[in-house]
Amino acid sequence: MAHERLHGRERDLQEIEAMLDRARDGHGGALVAAGDAGVGRTALLEAAVRGAGTGFRVLGTTGVPGETGVPYTGLHRLLRPLSGQVAQLPPAHREALAAILSGAPRAEPFVLFTAVCELLGRAARKEPVLCWADDVHRLDAGSLEVLAFAARRVEDEPVAVLFSVRDGEPDAGALDGIRRLRLAPLAEDASRRVLRDALGGDLDGSAGGDLTEEIVDLACGRPLAIRELAGALTSGQLSGAAPPPRALPPSSSLRALHRRRYRALPSGARRLVLMTVAEEWLGAATMERAVQADGIGDGDLDAARESGLLRFEGDGVTVRNRLVRSSLWADATREERQDAHTLLAGVLVQEWQRPRRLWHGAAVAGEPDDGLAAELAGAAAAARRAGRYADSWRMWQRAATLTVEHGARTDRYLAAAGDAWASGRSRRARAMLRQVRPRGSDGTRIARAAALRGEIETAAGSPAAAVPVLRDAAERLAGADAGAALDALMWAAEAADASGDHRAHLEIAERARALDLPAPGPRTELLLAHLGGVAAAIRGRYREAAERFGHAARLGPDVADPAAQAWAALAALALGDGARTRALAAEAVASARRSGDAPAESFALVATGRCAVLLGHPPAPITACHDGLRLARATRLHGHATEQLATLALTAAFNGDEARTRELLEQLTGTADERGLARAAALGSWAPACLDLAADRPADAAARLRLPGGAGLAHPPARLLAVPHLVEALVRTGEHEPAAGAYEHFRRWVDGIGSPPGPEALGRRCLALLAGCDDEAEEHFTEALRLHEAAGAVFELARTELLFGHRLRRGRRPRAAREHLRAALRVFERYGAAPWTAQARAELRAAGETAPRAASGFGKLTAQQAHIARMAAEGATNREIAARLLLSPRTIDHHLRNVFTRLGIRSRVELARLIR
């Protein structure tokens with residue numbers, strides 16, 4: 001089945017394809033594709049018809065509103081192509097169907113139902129049959145009942161039946177007993193591909209990126225909405241001269257649907273809905289006051305609830321989604337909007353609701369008011385100081401719209417953009433930045449807007465595009481605010497590193513060094529030291545880099561800024577200082593969470609995850625990566641999400657978990673290439689080589705990891721850190737000379753940074769592998785094991801034990817080999833590293849131990865089960881484990897039940913004892 005034009009529905013198409021395959025083999029089935037309006041139900045049915053091809057007899061019908069009350073019209077349309085076969089049926093069936101096809105239905109229901117089953121069975125004798133029925137909520141009741149009856153009885157016939165139904169529409173239980181395929185809204189990447197198809201190509205430049213993000217956000221994953229928005233774009237919107245659309249076009253069928261649902265409501269329910277649209281979320285107490293003040297009755301509340309326009313959750317109510325909100329507000333008259341604002345100004349009576357009350361009062365007046373604007377700005381500043389950025393950005397925005405003076409209005413829009421960004425709303429931040437229109441002579445405000453735009457682009461867009469924006473912003477800021485210029489250069493350097501542009505990084509470091517910074521404090525010194533350290537490392541001046549990184553790491557505890565703390569942690573990582581790295585990374589995350597700054601937290605989690613995996617710790621699921629991935633996806637920080645996917649893929653690959661690694665790489669590859677994320681792509685390229693080593697394919701691993709001149713990693717720091725794996729792969733394939741050359745570069749780095757235990761242990765392992773005589777190899781292996789233990793790198797220790805055992809066995813010392821191989825096996829089993837466990841067992845058998853005893857029952861578990869078991873044993877609840885692994889609590893419960901069965905235990909207490 002061709003999937004290329006139906007984006008984001010691969011799994012749904014696979015389900016349908018499997019059903020068609022069963023029908024080809026003589027075993028029918030049925031599916032109901034259920035989803036919201038515009039989500040792509042019809043497109044899925046069309047893809048099913050294409051997938052069936054010429055090998056199926058295809059019969060179809062569609063629900064039509066005008067025929068809903070006419071009995072059997074849908075069935076008539078579906079069966080007409082088979083009218084020539086009706087004569088072959090038994091008399092009772094023939095008469096029942098003849099009546100339907102002649103337009104005079106009068107048969108007994110059961111006779112008619114069985115007649116349709118018989119007719120479909122006969123039609124399928126020559127070739128399999130695909131029956132589809134679209135929009136069955138619009139079919140007449142009789143046709144739906146007949147088709148559903150037949151669909152439940154085709155399992156022994158080569159007949160596939162596919163229905164589509166809109167969510168929230170009554171089907172009177174007719175489709176009960178038929179498996180439902182729930183069509184969720186499209187993910188963002190799929191939505192962007194739909195938009196590209198609709199526009200016939202990519203949108204270029206930052207304006208195109210902003211427009212894409214706005215349309216994807218507004219469409220809420222509905223392909224129809226994306227196409228309707230794309231079809232109505234003006235040339236000004238496409239070029240970036242005009243703002244993006246704020247609602248579906250007036251001719252939109254989806255907007256018309258929302259309009260019909262709204263207008264069908266009683267007047268009280270309409271007022272409640274529009275009031276919710278104006279406020280976005282209403283608490284129960286506010287809603288109760290509105291009901292009493294405006295005479296809204298219980299029937300109105302019920303009608304609003306059943307309309308599908310609102311979502312009642314907890315103690316409040318909100319609009320179903322942005323698509324509904326924007327459509328209803330765009331269709332509301334000026335009088336309706338004014339009434340909603342007036343009612344809200346009267347019922348938002350609590351002191352904490354005062355800023356919103358002021359805003360709605362100002363909206364009623366409809367005129368700028370500097371007095372109200374100043375009050376709102378004061379409230380916004382207070383909310384910002386409390387870390388309530390989700391509130392403060394809206395207050396700044398509302399203050400800006402009421403502000404008369406141009407400069408003050410610009411400053412308030414800038415504040416709104418900054419706080420929207422801090423709250424994790426990158427698209428709202430971009431929208432606020434589009435409102436910032438400083439005069440040409442106002443270079444500082446232009447630069448501040450550009451710096452924020454570049455910071456957003458670094459985390460949520462294309463880092464390569466962010467570099468020149470941030471560099472230019474820093475140049476404008478250098479004279480007026482050197483500290484802000486340094487911040488812009490730091491984010492430019494981060495963007496350059498993420499995109500693999502190390503020449504740009506060197507230039508940025510030079511610009512930072514040339515800034516005229518008055519009396520630099522700890523934070524400024526830290527930033528300059530980190531920039532200088534990276535620049536020195538790029539040039540291969542590792543001793544200089546170590547001095548600068550050491551200075552940055554030592555300053556980490558003296559600063560409170562989460563980003564600076566994360567850079568300090570990365571500096572400590574570059575020095576191989578595991579304890580300091582972990583402490584600084586943890587403090588960066590904690591500091592960001594205390595401040596309420598979502599992008600800062602996400603960046604800190606990216607740094608923490610990368611540090612954890614590169615320190616050589618056990619490749620269990622890294623909490624920081626799972627927390628970070630969830631946060632990055634929720635806040636649409638696409639760059640951060642991609643970095644977390646790359647780190648998780650590398651972690652899974654270190655463990656030898658091929659299925660999980662491939663799954664993560666599949667999510668990673670397209671996004672990393674599309675956004676130019678060279679650092680994430682390099683980690684993603686490293687991961688398959690780790691799988692090759694785990695699966696005993698050293699030649700394949702070497703081919704992936706070759707240094708320049710081969711197929712190697714595109715990011716130099718990643719390439720350097722992968723050298724121990726490259727040396728291992730080359731030695732195992734007999735290529736000692738290139739292995740020695742690769743090690744020489746790694747050795748210069750380790751010596752330059754002062755030979756810390758972790759990197760030094762890996763260097764010693766390389767020397768052991770390269771050693772020509774067994775005594776020399778044993779000396780290096782023994783020292784490597786001591787250093788691994790000092791660094792706390794448990795998994796790398798086990799890998800070294802395995803390699804040491806292999807060397808001893810090949811040197812005809814099986815008894816000594818078995819000691820190291822057993823130690824390796826215990827670690828591999830503990831962490832569910834199945835391929836490494838298999839290698840250790842094979843080596844033990846070759847060393848004369850025919851039946852090695854499992855160090856724990858974990859050898860019986862899959863890698864996923866072992867990960868879940870460890871977290872459960874450490875006290876995590878099913879819900880906490882589910883959140884970390886991006887699974888459902890029910891799935892975790894299922895895995896734990898299997899764990900208990902395989903290990904022969906009955907409780908978490910026994911599980912904890914087993915692990916200890």
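Which residues does Leu526 touch, leaving aside those up to four places away in sequence? In this predicted model, the list runs to Ala552, Leu555, Gly556, Val559, Ala564, Trp567 and Ala568. Leu526 also belongs to the largest nonpolar core, a set of 171 residues, and together with Trp567 and Phe828 it has the most contacts inside that core. Apart from this core lies another one, made of 42 residues, with Val32, Ala133, Leu144 and Ala151 among them.

Two of the residues touched by Leu526, Ala552 and Leu555, are also among the buried residues of helix α27, along with Tyr542, Ala545, Ala546, Phe549, Gly550 and Ala553. The cover over these buried residues includes α26 (522-538), α28 (562-574), α29 (578-595), α36 (716-721) and α38 (736-752). As for its length, α27 takes in 14 residues (542-555), which should span 20 Å at 1.5 Å a residue; the C-alpha atoms at its ends are indeed 20 Å apart, so the two values agree.

Then there is the sheet. Five strands make it up, in the order β2-β3-β4-β1-β5, with parallel pairing, and the sheet is open. At the edges stand β2 (57-62) and β5 (179-183); each has a single partner strand, so one side of each goes without a neighbour in the sheet. On average, neighbouring strands are turned by 20 degrees against each other, direction ignored. Further in, β1 (residues 29-35) runs parallel to β4 and is joined to it by seven bridges. One bridge partnership links Ala34 with Val165 in β4. Lying across β1, β2, β3 (129-134), β4 and β5 is helix α2 (residues 41-52), which runs at about 165 degrees to β3.

Strand β4 (159-166) turns up again around helix α11, as part of what covers the buried residues there; α9 (223-231), α12 (267-279), α15 (322-331) and α16 (334-347) are also included in that cover. Helix α11 (residues 253-263) is largely enclosed by the rest of the structure, because eight of its eleven residues are buried. These are Leu254, Arg255, Ala256, Leu257, His258, Arg259, Arg261 and Tyr262. At the start of α11, Ser252 gets a side-chain oxygen to within 3.2 Å of the backbone nitrogen of Leu254.

Another serine, Ser143, sits in helix α6 (residues 141-151). Ser143 is buried, and its relative accessible area is 0%. Its side chain reaches the backbone nitrogen of Leu75 at 2.9 Å. Not counting residues up to four places away in sequence, Ser143 touches Tyr72, Thr73 and Gly74 as well as Leu75.

Technical notes:
Residues numbered from 1 in each chain as written. Predicted model: local features only at pLDDT ≥ 70, side-chain atom pairs only at ≥ 80, totals over all residues. Heavy atoms only, no water. Helix = DSSP H or I, 4+ residues; strand = E, 2+ residues; numbered from the N terminus. Expected span 1.5 Å × (residues − 1). Buried < 20%, exposed > 50% of the residue type's maximum accessible area, 1.4 Å probe, protein only. Contact = heavy atoms within 4.5 Å. Core = buried A, V, L, I, M, F, W, Y, C linked by side-chain atoms within 4.5 Å. Polar contact = N/O pair within 3.5 Å; in protein donor to acceptor, adjacent residues only side chain to side chain. Pairing = 2+ DSSP bridges. Axes fitted to C-alpha atoms, helices over the stretch in contact; angles between N-to-C directions.
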